[in-house]
Amino acid sequence: MKIATWNVNSIRARADRIEDWLDKTEVDVLALQETKTKDETFPFELFEFLGYEVAHYGLNQWNGVAIASRVGLDSVERAFPNQPAFGKPGDSAEVEARAIGATCNGVRIWSLYVPNGRGLTDPHMAYKMEWMRQLRTNVNGWLHADPAAQFALVGDWNVAPEDTDVWDIDFFRENDLTHVSAPEREAFYALLNDEGLIDPVRPYTQGEYTYWDYQAGRFSKNEGMRIDFQLCSPALAARVENAWIDREEREGDGASDHTPVVIELAD
């Protein structure tokens, strides 16, 4: 079974590319982030034509997550338990469309769009840290309830956990940029080092990026970042027999600024 994650940066703008990519790769499960549309304007028919069931969670023109599967789509859950809400001072807080879970052929998949943080002192950074803390609490509970559970947390994490995951770590530090700060990295690695999740993609893709900004010719200069991950439970990671980052999908007109990340499981 092949599982992919892809921040498409607008599902409607990327519909043709997604259709072509699914035809080419024949992945079994595709987790999407930043669909940027409400449920009622999501192109369900695109996936259904290709033989995929789809669950989508979108509230407005921002965020939005989905899971498309051709191997079953059961127990759909919008937002993880106790997912934090966000509201600017004076506004009512709301849970954003950043997480959707479903069981696909016995594997629990969570498509996640982790908050950006925006700035080291921005209110969104505190929101991001609480969001990741609550996610970790859930992971802890899931693995304590069933150490053999097979699940994957996949998506755009908006964290570059290693210095080599950005094209120039000095540039990020000199400009006090997010994604590489100690709190963000600690929250990410707490899921691996403390809770036992595994990143099975890195051994196959050392030095590769998953995101290149549209500005300043970043892609042509390979000034990218590695911020899209598939973090797997130990039982699921043991089944991974191949993984890759599809850099070619970032090429050409109409590409998302992110590219797909894929794992392949043994039966």
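In which sense do β5 and strand β6 pair, and over how many bridges? In this predicted model, the pairing of β5 with β6, residues 99-104, is antiparallel and extends over three bridges. One of the residue pairs can be named: Asp 74 has Thr 103 of β6 as its bridge partner.

Let me place that pair in its sheet. β5 and β6 belong to an open sheet of five strands, ordered β5-β6-β7-β8-β9, in which the pairing is mixed. The strands β5 (74-78) and β9 (228-232) stand at the edges; each has a single partner strand, and therefore one side of each has no neighbour in the sheet. From one strand to the next, the twist averages 15 degrees. Helix α3, residues 123-145, lies across β6, β7 (107-113) and β8 (151-156), and runs at about 165 degrees to β8.

I turn now to the second sheet. This open sheet has six strands in the order β3-β4-β2-β1-β11-β10, again with mixed pairing. Its edge strands are β3 (53-57) and β10 (240-245), each of which pairs on one side only. Here the twist averages 10 degrees from one strand to the next.

Within this sheet, I shall concentrate on β1 and its two partners. Strand β1, residues 2-7, pairs with β11 in the antiparallel sense over four bridges. With β2, by contrast, β1 pairs in the parallel sense, over five bridges. As a general matter, the strands of a sheet pair through backbone hydrogen bonds, in either the parallel or the antiparallel sense. Ala 4 illustrates both sides of β1: its bridge partner in β11 is Val 262, and in β2 it stands opposite Leu 30. Thr 5, in turn, stands opposite Val 261 in β11. Helix α1, residues 15-25, packs on the sheet and touches β1, β2 (29-33) and β11; the direction of α1 makes about 160 degrees with that of β1.

How many of the residues of β1 are buried? The strand is mostly covered, with six of its six residues buried. In a regular strand, side chains alternate between the two faces of the sheet. In β1, Lys 2, Ala 4 and Trp 6 point one way, while Ile 3, Thr 5 and Asn 7 point the other way, and all are buried.

Val 261 deserves a closer look. This residue lies in strand β11, residues 261-265, and counts as buried because its relative accessibility is 1%. Leaving aside residues up to four places away in sequence, Val 261 touches Ile 3, Ala 4, Thr 5, Val 201, Thr 210, Asp 228, Gln 230, Trp 244 and Ile 245. Of these contacts, I single out Gln 230: it is 31 residues from Val 261 in sequence, yet the C-alpha to C-alpha separation is 7.7 Å.

Next, the aromatic residues. A search of the whole structure finds 15 aromatic pairs. One of them joins Phe 171 and Phe 172 in an edge-to-face arrangement, with 6.0 Å between centres and 80 degrees between the planes. The two rings differ in their surroundings: Phe 171 is partly exposed, at 31% relative accessibility, whereas Phe 172 is buried, at 4%. Another edge-to-face pair is formed by Trp 212 and Phe 219, with 5.1 Å centre to centre and 85 degrees between the planes. In this case Trp 212 and Phe 219 are both buried. In addition, Trp 157, Phe 188, Tyr 189 and Phe 229 form one aromatic cluster. Phe 171 also takes part in a contact with a charge: the charged end of Arg 218 sits over its ring, 5.8 Å from the centre.

Finally, I address the cysteines. Why is no disulfide formed by Cys 104? The closest cysteine sulfur to that of Cys 104 belongs to Cys 232, and it is 13 Å away, so it is too far for a bond. The relation holds from the other side as well, since the sulfur of Cys 232 has that of Cys 104 as its closest cysteine sulfur, at 13 Å. The cut-off for a disulfide is that the sulfur atoms lie within 2.5 Å. The count of disulfides accordingly comes to zero. Both residues are nonetheless buried: Cys 104 has a relative accessible area of 0%, and Cys 232 likewise has 0%.

Definitions and conventions: Residues numbered from 1 in each chain as written. Predicted model: local features only at pLDDT ≥ 70, side-chain atom pairs only at ≥ 80, totals over all residues. Heavy atoms only, no water. Phe/Tyr/Trp six-rings, centres within 6.5 Å; stacked < 30°, edge-to-face > 60°. Buried < 20%, exposed > 50% of the residue type's maximum accessible area, 1.4 Å probe, protein only. Lys NZ or Arg CZ within 6 Å of the ring centre and 35° of its normal. Pairing = 2+ DSSP bridges. Helix = DSSP H or I, 4+ residues; strand = E, 2+ residues; numbered from the N terminus. Axes fitted to C-alpha atoms, helices over the stretch in contact; angles between N-to-C directions. Contact = heavy atoms within 4.5 Å.
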